[in-house]
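User: Please take a close look at the ligand site of this structure. I would like a connected account of what surrounds the ligand and of the contacts made there.

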Amino acid sequence: MSTGLSFDPGMSALLEAQYTRPAMVLRRARALELADPKLGEDVLDVGCGPGFLTADLSAGVGENGSVLGIDQSESMLELARKRCDGYPQTRIEGGDAAAIGGEDARFDLVVSTQVLEYVADIDRALGEIARVLRPGGRTLLLATDWRSVAWYSSDESRMDRMLRAWEEHLAHPTLPRTLGKRLENVGLEVTRIDRHSILEGADDRTGYSAMLIGSIAGFAIGRQGITEEEARAWAAEQEALRADRAFHFSIGQYYFSAVRPGSAR
Ligand SMILES: C[S@@+](CC[C@H](N)C(=O)[O-])C[C@H]1O[C@@H](n2cnc3c(N)ncnc32)[C@H](O)[C@@H]1O
């Protein structure tokens, strides 16, 4: 299934800018804390995007460790290479989450944040993560449940259709609901699940929801019967709600920590 969203240079630049915003910095700090990279470890970042977490992981493992960041998007790879330039222990390469390739059991830690929702063959991707982990190795995955969105509109039916249309940019819009079982199915043991909330109000004018309004308004046209006029009216209502201080947006994202059973090296 195609996701319908392209991580082209424009989208890559938009996400890179968004990832510097406080809500994203906080989310990444929590991911790093849960992943807990240690000096000397070998780490894989699947779908490394613009490389913010990849750079943090690189600092975490130090020069005696290694980090490999893989991604499908050329423009993301370019941003990640620039960001990780100062880390000789880090390589950034083109690659597919569903076909990681290479030897079995070669990483102590595999992270993948906000990526697996896009991967049609999710179980194959999880199988690849399990395969490349050493016995005792860990994985930290972050995924969004797009039906956890609570977003105020005076026109609930239009809001529902806009959000259903946006779900079409993903292969698995409610992945956290099945991820635990899917991880077990590939032989990984889930050790903890943590929920992260993003909550934004009228003052968050450059945050996650502001970026979403532009992206959703463009993407939704022609999906779920949404016309250009409706998409514009939906976005305009959100701006009006902001001005009226009646804007409310929240979403739930889930960190899954799991291990490959066995003794660590
Ligand atoms: C929302 S971004 C997240 C980037 C990064 N992990 C982060 O959290 O900052 C999603 C990334 O997943 C990548 N991606 C999507 N499907 C992929 C696949 N099958 N294999 C590798 N990368 C993929 C995209 O190119 C994009 O860079």
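**The ligand site**

Analyst: In this predicted model, a polar side-chain atom of T113 lies 2.6 Å from an oxygen atom of the ligand. The ligand's nitrogen atoms are approached by the protein backbone: a backbone N or O atom of A97 is 2.9 Å from a nitrogen atom of the ligand, and a backbone N or O atom of Q72 is 3.4 Å from a nitrogen atom of the ligand. On its own the ligand has 590 Å² of accessible area, and the protein covers 93% of this.

The surroundings of the ligand comprise 18 residues, and the closest are G47, D71, D96, A97 and T113. A97 and T113 thus appear both among these closest residues and in the contacts described above. Sorted by class, the shell contains nine nonpolar residues, seven polar residues and two charged residues. The space that the ligand takes up is the largest pocket.

A remark on the cysteines may complete the account. Zero disulfides are found in a search of the whole structure. For C48, the closest cysteine sulfur is that of C84, at 7.3 Å, which is too far for a bond because a disulfide requires the two sulfur atoms to be within 2.5 Å. C84 likewise takes part in no disulfide, its nearest cysteine sulfur being that of C48. C48 is buried, with a relative accessible area of 8%, and C84 is buried as well, with a relative accessible area of 4%.

Key. Residues are numbered from 1 along each chain as its sequence is written. This is a predicted model: local features need pLDDT of at least 70, side-chain atom pairs count only at pLDDT 80 or more; totals for chains, interfaces and linings use all residues. Side-chain values use heavy atoms; hydrogens and water are left out. A residue is near a molecule or strand if one of its heavy atoms lies within 4 Å of it. A polar contact is a pair of N or O atoms within 3.5 Å; within protein, one must be able to donate a hydrogen and the other to accept it, and residues adjacent in sequence count only if both atoms are side-chain atoms. Accessible areas come from the Shrake-Rupley method with a 1.4 Å probe; for residues, only the protein chains shown count as cover. On a 1 Å grid over the protein atoms alone, a cavity is a set of points where a 1.4 Å probe fits but cannot get out, and a pocket is an open set with protein on both sides within 12 Å along at least five of seven lines; lining residues have an atom within 4 Å of a point. A molecule sits in a cavity or pocket if more than half of its atoms lie within 2 Å of its grid points. Ala, Val, Leu, Ile, Met, Phe, Trp, Tyr, Cys and Pro count as nonpolar, Asp, Glu, Lys and Arg as charged, and the others, Gly among them, as polar. Buried means under 20% relative accessible area, exposed over 50%, partly exposed in between (1.4 Å probe, protein chains only).
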